[in-house]
Structures are given as structure tokens and as C-alpha cells.
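I opened this entry to record what I looked up, residue by residue, in the model shown below. My notes begin with the interior and then turn to the surface and the loops.

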Amino acid sequence: MGAMTEGTGTGLPRHEPGLDGIRAVAILAIVIYHACPDALPGGWAGVDAFFVLSGYLITRLLAREMVETGRLHFGLFYARRALRLMPAFGLLLLFALARAALAPSEAAGQLQFQGIGMAVTYLMNWNRAFGWVNQGILGHTWSLSMEEQFYLLWPVCFLALWRRRPVAWLAGATGLIIAWRCALALGGADAERTYNGFDTHADALAIGCILALVPLGAPARLGLTRAAPLAVAALAVILLAMPFRSLWTQTWGLTAAALASAWLIVAAQQDGWLKRVLSSPLAVYTGRISYGWYLWHYPFLLIGIWSIPDISAAQRLALVFAGYPVAMLSYHCVERPCLRLKDRLRPKARPEPEPAGLTAA
């Protein structure tokens with residue numbers, strides 16, 4: 001969710017506006033789902049689109065670094081991730097801390113501090129999977145925890161697999177994740193376990209990684225672009241007809257959403273109607289502020305639900321959309337200055353880089 005579009009030196013533009021458009025669609029699905037789950041029962045799929053994008057963009061970033069410098073600079077990588085994610089997240093944590101400190105009772109404050117602890121240590125996904133402690137207003141940070149765990153693990157694995165058929169290893173890992181999730185779901189595991197566990201939901205991240213490493217020739221890209229309506233239709237069916245707790249969702253549905261998202265990522269970068277729609281100014285801008293919107297919409301919604309008796313659907317929608325202007329402020333006042341600093345922390349290319357392809361499949 002926090003990954004930004006970063007080129008890889010493979011001929012594609014540094015910034016693809018269509019990918020920001022996918023972020024915009026994903027965040028809209030998420031906020032509407034949280035506000036009115038009955039209206040969009042499959043809105044959870046927006047998170048999977050973010051996961052696929054993260055896997056795709058981070059892997060392209062790592063591959064470009066290997067091609068251009070011959071190594072991975074782990075310190076610079078983690079510094080860039082911190083500059084991208086932590087400033088906006090830190091503001092949310094300060095808000096949560098102030099709310100906990102002002103809680104009407106010591107017991108209520110302690111419950112809120114428990115959720116803050118899970119969020120700040122990036123363990124919220126496991127907390128939700130196993131129900132350890134109260135999550136408070138920060139339950140939605142489970143997805144940030146998933147991505148942080150991915151950032152910790154994948155660069156090391158990527159370096160180990162570079163030139164050693166990484167696509168084959170990733171495909172095998174994806175199959176194991178799906179099989180493990182299906183086994184748990186069919187065995188009666190709760191949806192919170194299968195949805196929030198890194199071990200059961202990392203297939204979307206892996207699919208994004210595979211997409212970044214598989215060479216797609218012009219005919220394949222053209223074919224996927226022309227057939228993009230099928231991917232759009234698949235995502236529409238998921239969004240409208242796949243409840244979070246259904247057995248289908250917790251077995252194959254999560255993977256179906258990830259595959260459809262990967263298809264859209266390819267099509268959104270090729271000339272065509274989909275790219276034009278996703279590259280509209282409003283879609284691009286909404287995609288760019290989507291991280292902040294994601295951070296703030298959920299606390300606003302929960303605080304409203306707890307404060308307003310018999311809250312209506314319209315009020316819930318108003319609360320989640322109130323996060324949009326806050327996200328604008330976060331983006332312009334906090335995130336963009338840090339992004340400019342992040343751009344300075346790029347490894348320098350070798351004077352004479354050796355010819356190398358992106359893929360080692």
C-alpha cells in the first residue's frame with residue numbers, strides 16, 4: 001500500500017499514471033466496503049490490489065538496483081521505505097496515543113495502548129489472526145504489517161534467488177501458500193486467521209513479484225490489454241458478490257482477486273481505454289493520496305460508529321470520505337517533503353554496468 005511507482009531501467013517510464021488509477025479504485029473499494037459492507041461485499045479485494053502492486057513495484061526496484069549497481073543496498077532500501085511510510089503513519093500513531101491518554105478510564109486507555117503496541121511493532125495482522133489483544137482504532141494497520149513483513153523478508157530472499165530461477169521459486173511458494181490457506185479454511189479455520197496471516201495471504205504479494213520478473217513480449221501485453229474487460233468484469237464480480245467470510249473467498253477468491261489485479265497492472269501500462277480511464281487527473285491524484293486516506297478513514301469510521309447511536313449508511317460514508325481532505329493535507333505537508341528526501345537515497349549505478357536482463361526465470 002505504501003509502495004510508490006519506481007522504474008526499473010527496463011524501458012518503461014519512471015511513473016505510470018495508470019498504476020495510480022488502480023490505487024484509486026482499490027482505496028475506493030476499501031472505504032466503501034468498510035462503511036457499507038452490504039453494498040460492496042467484496043471490497044476487501046482492494047487490499048489485494050495494493051499487495052500485488054507492492055510486490056510488483058518493489059521487485060522491479062530491487063531488480064533495477066541489481067542490474068545497475070550489481071548489489072542490493074539494504075540500508076538505503078529500508079531508509080527509503082521508512083521515509084515513505086513512517087511520517088504519515090507516525091501522525092496516526094500520535095493521534096491514537098493522544099486518544100488513549102485522554103480515555104475516560106485507565107482500563108479503556110490500556111485497551112487502546114494494546115492496539116497501538118501491535119500497530120507500532122507491525123504485528124497487527126497476527127493480532128487479528130489470533131485475537132491476542134484489543135485492536136482499537138488501528139485494526140486496519142494489519143495490511144501495513146503484512147507489507148512491512150514483506151519488506152523485511154523479500155530483499156534477502158530476492159538476493160538469494162537472483163540468477164537462481166526466482167520465478168520458479170515464487171511460483172512454488174505461491175502454490176504452497178494457497179494450499180495451506182485452503183487446508184486451514186476447509187478445516188474450519190476462522191476467516192480472520194486465513195485472511196490476516198502472512199503465511200496464508202502472501203500469495204498476492206508473490207503474484208506481484210512474479211509479474212515483475214516474467215518477461216511479457218509486445219504480443220502478450222497487447223493481448224492482455226485487449227482482453228482487459230474480462231479482468232474488469234472479474235474484479236466487478238468479486239467486489240459485488242464475494243463476501244469476506246465465504247469459503248470460496250478464503251480459499252480461491254483471494255488468489256482470483258490478485259490475478260485479476262495483476263492483469264489490470266499490465267493493461268494499465270499499455271495504450272488503450274483502460275489506461276486513459278485510470279490516468280485521469282482525479283484518479284491519479286486519489287491514487288497518490290491513497291496511503292493517507294487508508295490510514296485515516298478507518299479511525300474516523302470507528303469513532304463515529306461508537307459515538308453516534310443508530311448511525312446511518314450515509315453517515316458512515318460521510319465519515320470515511322472525511323478522511324480524503326485529511327489525506328490531502330498528509331500528502332502535501334508530510335509525505336511529499338519526505339518523498340523528495342527519499343529520492344536522494346538512491347544507490348549510484350556502476351560506471352560500466354554489465355548487460356543483464358530483468359528476468360532470471
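I began with the largest nonpolar core, which has 101 residues, and noted that Trp 44, Phe 89, Leu 138, Trp 154 and Phe 158 touch the most other members. Helix H2, residues 45-69, gives the most to this core, with 15 residues. I keep in mind that this is a predicted model.

From that group I followed Phe 158, and, leaving out residues up to four places away in sequence, I found that Phe 158 touches Thr 59, Leu 62, Ala 63, Met 66, Leu 72 and Leu 213.

Next I looked up Thr 286, which sits in helix H15, residues 281-288. Is Thr 286 buried or exposed? I entered Thr 286 as buried because its relative accessibility is 7%, under the 20% cut-off. Its side chain makes a polar contact of 2.9 Å with the side chain of Tyr 324. Tyr 324 also appears in the contact list of Thr 286, together with Ala 24, Ile 27 and Trp 293, once neighbours within four places in sequence are left aside.

On the surface I noted a nonpolar patch of about 330 Å², made by Leu 91, Leu 94, Leu 97 and Phe 113. Helix H3, residues 74-101, gives the most to this patch, with three residues, while Phe 113 belongs to helix H4, residues 106-120. I recorded Phe 113 as partly exposed, since its relative accessible area is 34%.

Leu 240 lies in helix H12, residues 228-241, and I marked Leu 240 as exposed because its relative accessibility of 56% is over the 50% cut-off. Even so, Leu 240 touches Ala 39, Leu 40 and Pro 41, not counting residues up to four places away in sequence. I also took the C-alpha separation of Leu 240 and Ala 183, which is 26 Å for two residues 57 residues apart along the chain.

Last, I checked backbone angles, bearing in mind that most residues other than glycine have a negative phi. Tyr 122 has a positive phi, near 55 degrees, and is located in the loop between H4 and helix H5. Asp 310 likewise has a positive phi, near 50 degrees, and its place is the loop between helix H16 and helix H17. How are these loop residues placed with respect to the surface, buried or exposed? I entered Tyr 122 as buried, at a relative accessible area of 13%, whereas Asp 310 is exposed, at 78%.

Key: Residues are numbered from 1 along each chain as its sequence is written. This is a predicted model: local features need pLDDT of at least 70, side-chain atom pairs count only at pLDDT 80 or more; totals for chains, interfaces and linings use all residues. Side-chain values use heavy atoms; hydrogens and water are left out. Helices (H or I, at least four residues) and strands (E, at least two) are DSSP runs, numbered from the N terminus. Buried means under 20% relative accessible area, exposed over 50%, partly exposed in between (1.4 Å probe, protein chains only). A polar contact is a pair of N or O atoms within 3.5 Å; within protein, one must be able to donate a hydrogen and the other to accept it, and residues adjacent in sequence count only if both atoms are side-chain atoms. Contact means heavy atoms within 4.5 Å. Patches are made of residues with over 30% relative accessible area and no salt bridge: like charges are joined within 9 Å, nonpolar side chains (Val, Leu, Ile, Met, Phe, Trp, Tyr) within 5 Å. Accessible areas come from the Shrake-Rupley method with a 1.4 Å probe; for residues, only the protein chains shown count as cover. A salt bridge is a side-chain nitrogen of Lys or Arg within 4 Å of a carboxyl oxygen of Asp or Glu. A nonpolar core is a set of buried Ala, Val, Leu, Ile, Met, Phe, Trp, Tyr and Cys residues joined through side-chain atoms within 4.5 Å.
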